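New to this one? Here's a quick tour, starting with how the chains are split up and then moving on to what they're built from.

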Amino acid sequence: MSKIVFPAETLELVKKIIARYPDGKQKSALLPILHLAQAEWKWCSPEVMDYVASLLSISSIEVYEVASFYTMFHLEPVGEHVIEYCRTGPCCLMGGVEVYDHLKKRLKINTGETTKDGKFTIKEVECLAACGWGPVFQIREKYYMHLTKEKVDEIIDELSK
Amino acid sequence: MKILTEHIDVPNIDTIDVFMKHGGYSAVQKAIKKMTPDEVTEEVKKSGLRGRGGAGFPVGMKWSFLAKPEGVPRYLVCNADESEPGTFKDHYLMWKSPHTLIEGMIVSSFALGANTSYIYVRGELMYVINILEKAIQEAYDKGLLGKNILGSGYDLDLFVQPGGGAYICGEETALLESLEGKRGNPRNKPPFPAVKGLWQCPTVVNNVESIAATSWIVNNGGDAYAAIGVGRSTGTKLISASGHIKKPGVYEIPLGITVEDFIYSDEWCGGIRDGHKLKAVVAGGSSVPILPAELILTTAAGEKRLMTYESLSDGGFATGTMLGSGGFVVMDETACIVHNTLTFAKFYHHESCGQCSPCREGTGWMDKVLHRIEHGQGRKEDIDLLVDVAKKIEGNTICPLGDAASWPVAAAIRHFRDEFEWHIEHPELATKPGAVFMRKGASWTK
């Protein structure tokens, strides 16, 4: 892997984020910067986390312990599209289980796995605060709501192109 | 009566010009130019507004606890970490009308004497964070944020902070830990955030909906707000309605309408989906006790139950529940209570921060035992075991997540024990796809 450094534009943004907090409290920028790092490198490898630590002048362990606490950070490589489906009560009431089973069958993988071509990863997540619009999954920033088996097929077809 | 969502469907209400055309930011003008911070606080106290995140603690009183030592910064932090299953009202409000929250943040920050404030939004809502940041920039451009707001000499900077996917960060001290760049482990209280909060400085943490309501209170007065509602349940409340109803969505209701109206009136949920009957409701987010149809519609004393803090909790946990966050999950006769309880138990197991043993271990055991009941491997003694575990978590943890995890399990068994027994005694029936227990003679049984 090439050397891990943010592009100049992102580094500017990092500076701006750190300036949101009082002097000496730059550690507060950790979650926002981990999000930027994950957007850049897809997952939070130890090298990426070490780099984030260096940007904030904190020790690597302070980044590891945080990244491993919050479920949004991937600590292992993931596919191009990470599908995170909500498995909590309200989405299940709306037929979530059948829809997600269909998704797994369609991609021939289980929760936590990545397709052989590296295109899709499926993750099971807790409530996404979209209960009235369920079943729901999220791919990156986008919410896909009112899911049905047909809709899942359309979305996968589109992303497979 | 709509306070927060009156203009929510106006096209482009998320832009500052349209928002201002509909009266937006008038509360900032009024508060900063014509009122003192204490006067704003006084109106919020008079309004009777109670914390809308779930706890229902009076907002004005919480503000009055804020320590104000000379030369120490104070902070207002908005809790937009909405993660309680069944709840999606803050998501809706921020997505549709970000300026409603920003206006409230300015008014509230002014009242508290905060010069820097943060909105902590759950990280999954990155698209909402982008909407908020764009709206905040518009407010800076209009001189409503930044230095010397509207020439008043009052300065305020407002930032959005993303979370990382952890329900526990909705607990205010865990949220502050997270905002400091740490794991979201709740702190021991006291000291309370009002004395030692963000970076050990005095801090107020309020829910999105609470903060958003302060603008209307400033514009119309605390008495006008208190005139809406019933008794100590004043004003309006955003209810997130989901499940087996005709019209799921977010509704702003005046507190005090009947539960029956809320479920069956076309103005709100529109009734149970066609051909089905009401079985149960979780009225205030996953952590509050589930109630069967007859107890959610009327209290044990036979009175019509109202959408208020007091009426929903009438009867205590024996026959009542809580308004909580207003996450209103409706189930018809096709819903399996055991399965639904399992999904909630899994949720709390996953979201326990692991700091307190009763919660870390207990949520895991409840998940495991419910899992085996649901999958046809339940044992006779499992029901009492679940009740016992729930009892041993409740009240024995430093934050309310332990209680929140134990209540739904205990309540499901309290009101639907026969359904758990059926799963254990008839695993061959219970594990058939779509199989649901039908209680003989129940109002929802066909």
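Let's start with chain B, whose domain assignment has three parts: domain 1 (16-227), domain 2 (234-332) and domain 3 (337-430). Keep in mind that this is a predicted model. Chain A is divided too, into domain 1 (8-67) and domain 2 (81-160).

**Where domains 1 and 2 of chain B meet**
- Measuring between C-alpha centres, you'd find domain 1 of chain B and domain 2 of chain B 28 Å apart.
- Each side chips in to the contact: 20 residues come from domain 1 of chain B and 20 residues from domain 2 of chain B.
- On the domain 1 side of chain B, the elements that give two or more residues are helix 5 (89-96), helix 9 (208-220) and helix 10 (222-226).
- Helix 5 of chain B supplies the largest share of that side, with three residues.
- Sorted by class, the side of domain 1 of chain B that touches domain 2 of chain B has eight nonpolar, seven polar and five charged residues.

**How chain A is laid out**
- The C-alpha centres of domain 1 of chain A and domain 2 of chain A are separated by 29 Å.
- Chain A is made with seven helices and four strands, and their order along the sequence goes α-α-α-α-β-α-α-β-β-β-α.

**Chain A as a whole**
- Picture a box of roughly 50 × 35 × 25 Å along the principal axes: that's what the C-alpha atoms of chain A fill.
- Chain A has 161 residues, and 39% of them count as buried.
- Take the contacts in chain A between residues at least 6 apart in sequence, and 57% of those join residues at least 24 apart.

How values were computed
Residues numbered from 1 in each chain as written. Chains lettered and ligands numbered in written order. Predicted model: local features only at pLDDT ≥ 70, side-chain atom pairs only at ≥ 80, totals over all residues. Domains from an automatic or database assignment. Contact = placed C-beta atoms within 7 Å. Nonpolar A, V, L, I, M, F, W, Y, C, P; charged D, E, K, R; others polar. Buried ≥ 20, exposed ≤ 12 C-beta atoms within 10 Å, placed from the backbone.
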